[in-house]
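Reader: Hi! I'm new to this one. Could you walk me through it?
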Amino acid sequence: MPAAPETAGAIRRRVRRWNLPAAVTAVAAATDGRSGAFALGDGSLRRVGFAEDAAIDAVALHEGAVLALAAVPGGFVTGGDDGRVVLAEAGGERVLHQEPRRWVSHLAVHAGSRTVIAAAGKAAIGVDLSGNALGRWEGHPSTITGIALNPTGKRLAVAHYNGVSLWWLASKQQSPTRLTWKGSHISLSWSPNGKYLMTAMQENELHGWRVADSSEMRMAGLAAKAKSLAWSPDSRWLANSGSDIVTCWDFSGRGPMGRPPAEICPGEGALVTAVAIHPKMAIVAAGYENGAVRLGRPGHNRTTDLEAAGSGSVAALAWSPSGDQLLAGTEDGGTALYDFTAG
């Protein structure tokens, strides 16, 4: 497990890097903590074990780009611009669902219930890992721009133009609860404690709701769109991309409104394009438009520079379940696996 950033000199890691033939669109670590995967714009998935001598393999899954990736027990699920939802596991690959003439642009999974929710156009579609249909949620006012399941896996949030729709997965006849805020919501994240829903907006700001009473919050002033959001495991901190520094909002006590955010990991002129928070402590991994990757912690000034993942913009970051490994992928096909168990 990595040391705290203020003792940066004590951090030890092995780094394995690959230059892949297409842009990385998403990364994920397996639920068993033994491997990771890089999704590519050429429709393939590259999997690598975390053991030092493990080779990286390639499996072709989609005709076109892989647009979404998520880890599930026993493997990985992908969504592509060919309209397919595919399960890749050790024994091979299976198509769980196909949506004609639609891109599967987002995935949300709940490992405990083996539930997979896919977003295609204006519809959210639920399947299990055997491909059995679980439900279909439609009637959204625009193309879905983000989906998230609450911690219990019983409620689905769908982001779209002018807000978010909330659905109960078990209810067959229902009208969604609408959380309304005018504008284009481009990504969505549900806090680990289930209390907050946050979206990033086209207008370079964040908007959010407390789920219990639908009370709103707004955080403006970002330099660019915050395409990446990440929560600390205790739900205290929300980190976002979209500036040349990582902005961390404090949700403890009365919440972030009226309180200045913590700012960490300055990009030295480069915008932050991806963030991910360690699964056991408030250590933030930040990726930048120049391929740099850094670690920092809210409330501490020290930043730890890791080896660059590539020369292109960092598209995605993901920690392993233990926090001992960090995966990074860039838009020019650069990839890195940082292993903090070394030394």
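Reader: Let me start with a detail: in β17, which residue is the bridge partner of Ser-189?

Author: Happy to help! That partner is Met-198. This is a predicted model, and in it strand β16 (residues 177–190) runs antiparallel to strand β17 (residues 196–201).

Reader: Nice. And how many bridges join β16 to β17?

Author: Five bridges join them.

Reader: What order do the strands of the open sheet come in?

Author: Six strands make up that sheet, in the order β14-β15-β16-β17-β18-β19, with antiparallel pairing. At the edges are β14 (146–149) and β19 (215–219); each has a single partner strand, so one side of each lacks a neighbour in the sheet. From one strand to the next, the twist averages 45°.

Reader: New topic! Is strand β2 largely enclosed or open?

Author: Largely enclosed by the rest of the structure, because five of its six residues (24–29) are buried.

Reader: Which strand do five bridges join to β2?

Author: That would be β3 (residues 35–40), which runs antiparallel to β2. As one example, Val-24 has Leu-40 in β3 as its bridge partner.

Reader: What about the hairpin of β2 and β3, how many residues sit between the strands?

Author: Five, and in this hairpin Gly-33 takes a positive phi near 75°.

Reader: Last thing: where does pLDDT stay under 50?

Author: Over residues 1–10, for which the model has 27 contacts beyond four places in sequence. Where pLDDT is low, the predicted coordinates should not be read in detail. For the protein as a whole, the average pLDDT is 94, and 96% of the residues score at least 70.

Terms used. Residues are numbered from 1 along each chain as its sequence is written. This is a predicted model: local features need pLDDT of at least 70, side-chain atom pairs count only at pLDDT 80 or more; totals for chains, interfaces and linings use all residues. Side-chain values use heavy atoms; hydrogens and water are left out. pLDDT is the predictor's confidence in each residue, from 0 to 100. Contact means heavy atoms within 4.5 Å. Buried means under 20% relative accessible area, exposed over 50%, partly exposed in between (1.4 Å probe, protein chains only). Helices (H or I, at least four residues) and strands (E, at least two) are DSSP runs, numbered from the N terminus. Two strands pair if DSSP finds at least two bridges between them. Axes are lines fitted to C-alpha atoms, for helices over the stretch in contact, and angles run from 0 to 180 degrees between N-to-C directions.
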